Amino acid sequence: MVKYIKTLFTIILFIFFSSTLNANETIRISNGEWPPYFSKDLKKYGVTSHIVQEAFALENIQIKYEWYPWKRALHLARVGELNASIGWSKTEKREKDFLFSDIIINGDAVFFHLKSQSFDWNNFDDLKDIRIGSILDYQYGTKMQEIKNLEGTDIFEVVDEKKLFQMLLKGRFHVIIINLDVGYGILNKYFSKEKVNSITYHKKVFHNEKLRLLFSNEIKENKVLLEKFNKGLQRLKDNGKFEEYYKNSRNGDYEIKK
């Protein structure tokens, strides 16, 4: 009998919060700058911001992005000032404070290289005796240290992505390591089509990071909101829009032409 009452109470709460969410005009989500995924200077606020908005729209939910430095964006969601925060990895520490959506970014770090420079790799031994460029303080687990331990391999770290590609184009590096979408975001923003077309990347993924939408545990209706978002997100994946939007981003379609 007690179990029945608890089940009935859960159903009533679900119906109540569902109707409440549908009645609200918007929910609030913290966002930050990390183009091409998120940016106030891109169409639709960037490809992933667009995907999240579309997923909610499929469930008749409107959202409002509020822009903050990343540390504050996470804090405001943690304490329940906002419903959610966009673009975070799932960690044991965060599980105490948040509910996690399905994956919104399947972030692959890859090796970019000039088309005129042949490059192939299957394991770390294939990276011996080459010059590799990377971004200072980017984390790829223990993989960077494994490469640094290779005899004859040089890794040079620079402070920003634009400079990384400039040095690749000048032949200073054989390859550079960078997130696939971030790389094309930089290329489409700062370089000519001719230069963009002179660069390619190896299809073997060096490192993968899965990012999600985090929903605050401090807001009860977020459990329903999470279910609705995941449902809308899955619809985008099933109809091909999810991959289509990321492909469009790599082609520069989210850039605002000046």
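Is R72 buried, partly exposed or exposed? In this predicted model, R72 has a relative accessibility of 43% and therefore counts as partly exposed, since that class lies between 20% and 50%. The residue belongs to helix α3, which spans residues 70-78. R72 and N31 are separated by 41 residues in sequence, and their C-alpha atoms are 9.8 Å apart in space.

The overall frame of the chain may be considered next. The chain contains 9 helices and 9 strands, and its C-alpha atoms fill a box of roughly 70 × 40 × 35 Å along the principal axes. Of its 258 residues, 47% count as buried. Contacts that link distant parts of the sequence are well represented: among those between residues at least 6 apart, 73% join residues at least 24 apart. The exposed surface of the chain amounts to about 14300 Å², of which carbon and sulfur atoms supply 49%.

The interior comes next. In soluble globular proteins, nonpolar side chains tend to be buried together. The largest nonpolar core in this model has 51 residues, and I29, V52, F56, F112 and F165 are those with the most contacts inside it. Strand β4, covering residues 98-114, contributes the largest share of this core, with 6 residues. A second core of 15 residues is separate from it and includes I130, Y140, L150 and F206.

The charged side chains form another layer of the description. The chain carries 41 positive and 34 negative side chains, and the centres of these two sets lie 3 Å apart. The number of salt bridges comes to 5. Three of the pairs are described here in turn.

One salt bridge joins E66 and R28, whose closest N and O atoms are 2.5 Å apart. E66 is part of strand β2 (residues 63-67) and R28 is part of strand β1 (residues 27-31), so this pair ties together parts of the chain that are 38 residues apart in sequence. The partners fall into separate accessibility classes: E66 counts as buried because its relative accessibility is 11%, whereas R28 is partly exposed at 33%.

A salt bridge also links the side chains of E59 and R235, with an N to O distance of 3.5 Å. E59 sits in the loop between α2 (47-57) and β2, while R235 belongs to helix α8 (residues 222-238); the pair therefore ties together parts that are 176 residues apart in sequence. E59 has a relative accessibility of 10% and so counts as buried, while R235, at 39%, counts as partly exposed.

The pair K241 and E244 has a local setting. Their closest N and O atoms are 3.9 Å apart, which satisfies the salt-bridge limit of 4 Å. Both residues lie in helix α9 (residues 241-250), 3 residues apart, about one turn of the helix. K241 is partly exposed because its relative accessible area is 32%, and E244 is likewise partly exposed, at 36%.

Which charged residue is buried yet has no salt bridge? The residue is E161, and the nearest side chain of opposite charge, that of K189, is 9.7 Å away. E161 is located in helix α5, which covers residues 161-169. Leaving aside residues up to four places away in sequence, E161 touches I135, Y138, I178, V182 and I186.

The backbone also has features to inspect, and the loop between β1 and α2 holds several of them. P36 has its place in this loop, and the peptide bond from P35 to P36 is cis, with omega near 5°. K44 lies in the loop between β1 and α2 as well; although K44 is not a glycine, its phi is positive, at about 60°. Y45 is found in that loop too, and its phi, near 65°, is again positive in a residue other than glycine. With a relative accessibility of 49%, K44 counts as partly exposed, because the exposed class begins only over 50%. Y45 has a relative accessibility of 37% and so counts as partly exposed.

Definitions and conventions:
Residues numbered from 1 in each chain as written. Predicted model: local features only at pLDDT ≥ 70, side-chain atom pairs only at ≥ 80, totals over all residues. Heavy atoms only, no water. Core = buried A, V, L, I, M, F, W, Y, C linked by side-chain atoms within 4.5 Å. Buried < 20%, exposed > 50% of the residue type's maximum accessible area, 1.4 Å probe, protein only. Helix = DSSP H or I, 4+ residues; strand = E, 2+ residues; numbered from the N terminus. Contact = heavy atoms within 4.5 Å. Areas by Shrake-Rupley, 256 points an atom, 1.4 Å probe, with all protein chains shown as cover. Lys, Arg positive; Asp, Glu negative; His and termini not counted. Charge placed at Lys NZ, Arg CZ, Asp CG, Glu CD.
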